[in-house]
Amino acid sequence: MPSFEDELRMDEEENRREIAFIRERLPQELKSYFSDDDLYYLMDAIVDYYYDSGILESTADEVEIDMQQVADAVAAQAKNDKVGTFDPEAVFYVVEADMDFQEQNA
């Protein structure tokens with residue numbers, strides 16, 4: 001069984017892989033729009049949104065997720081948290097790439 005420190009290192013590596021995956025899928029004009037810290041925040045905010053919305057607790061075989069709604073909520077949360085003011089259309093690409101990453105690594 002991995003130690004707590006080993007689990008933290010594995011989580012950090014997974015996050016780095018996801019950041020690289022997201023950056024690879026962003027349109028060229030957005031590649032420099034988000035810092036790595038922005039992307040870490042957005043990834044956490046996306047998970048928080050899924051958790052708070054109840055999506056993660058669904059027992060349905062397939063759950064319909066409105067990615068624009070997620071992007072709008074995450075952009076609003078970033079503004080409320082004073083992390084930054086992000087265009088929800090730009091955040092949409094992060095939400096989409098995050099979902100693709102999760103599906104490929106499930």
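## Helix packing and core: worked exercises

In this predicted model, α1 and α4 pack with their axes 9 Å apart, at an angle of about 125°.

**Exercise 1.** Classify the packing of α1 against α4 as parallel, antiparallel, perpendicular or oblique.

*Solution.* Start from the angle, about 125°. The perpendicular range runs from 65 to 115, and antiparallel starts over 145. The angle therefore makes α1 oblique to α4. The crossing of these two helices is right-handed.

**Exercise 2.** List the residues that join α1 to α4, then sort them by character.

*Solution.* From α1, take Glu14, Arg17, Glu18, Phe21, Ile22 and Arg25. From α4, take Val94, Ala97, Asp98, Asp100, Phe101, Gln102 and Gln104. Now sort: five are nonpolar, two polar and six charged.

**Exercise 3.** Repeat the analysis for α2 and α4.

*Solution.* The axes come within 10 Å and cross at roughly 70°. That angle makes α2 roughly perpendicular to α4. Leu39, Leu42, Met43, Ile46 and Tyr50 of α2 touch Val94, Val95, Asp98 and Met99 of α4. The tally is eight nonpolar, no polar and one charged.

**Exercise 4.** Find which helix gives the most to the largest nonpolar core.

*Solution.* The core holds 26 residues. α1 (4-25), α2 (36-53), α3 (67-80) and α4 (88-104) each supply at least two of them. α2 gives the most, with eight residues. Phe34, Leu42, Tyr50, Val74, Val91 and Val94 have the most contacts inside the core.

**Exercise 5.** Trace the contacts of Phe34 beyond four places in sequence.

*Solution.* Phe34 contacts Arg23, Leu26, Leu39, Leu42, Phe86, Ala90, Val91 and Val94.

Notes:
Residues are numbered from 1 along each chain as its sequence is written. This is a predicted model: local features need pLDDT of at least 70, side-chain atom pairs count only at pLDDT 80 or more; totals for chains, interfaces and linings use all residues. Side-chain values use heavy atoms; hydrogens and water are left out. A nonpolar core is a set of buried Ala, Val, Leu, Ile, Met, Phe, Trp, Tyr and Cys residues joined through side-chain atoms within 4.5 Å. Buried means under 20% relative accessible area, exposed over 50%, partly exposed in between (1.4 Å probe, protein chains only). Helices (H or I, at least four residues) and strands (E, at least two) are DSSP runs, numbered from the N terminus. Contact means heavy atoms within 4.5 Å. Axes are lines fitted to C-alpha atoms, for helices over the stretch in contact, and angles run from 0 to 180 degrees between N-to-C directions. Angles under 35 degrees count as roughly parallel, over 145 as roughly antiparallel, 65 to 115 as roughly perpendicular and the rest as oblique. A crossing is left-handed if the near helix is turned anticlockwise from the far one by less than a right angle, and right-handed if clockwise. Ala, Val, Leu, Ile, Met, Phe, Trp, Tyr, Cys and Pro count as nonpolar, Asp, Glu, Lys and Arg as charged, and the others, Gly among them, as polar.
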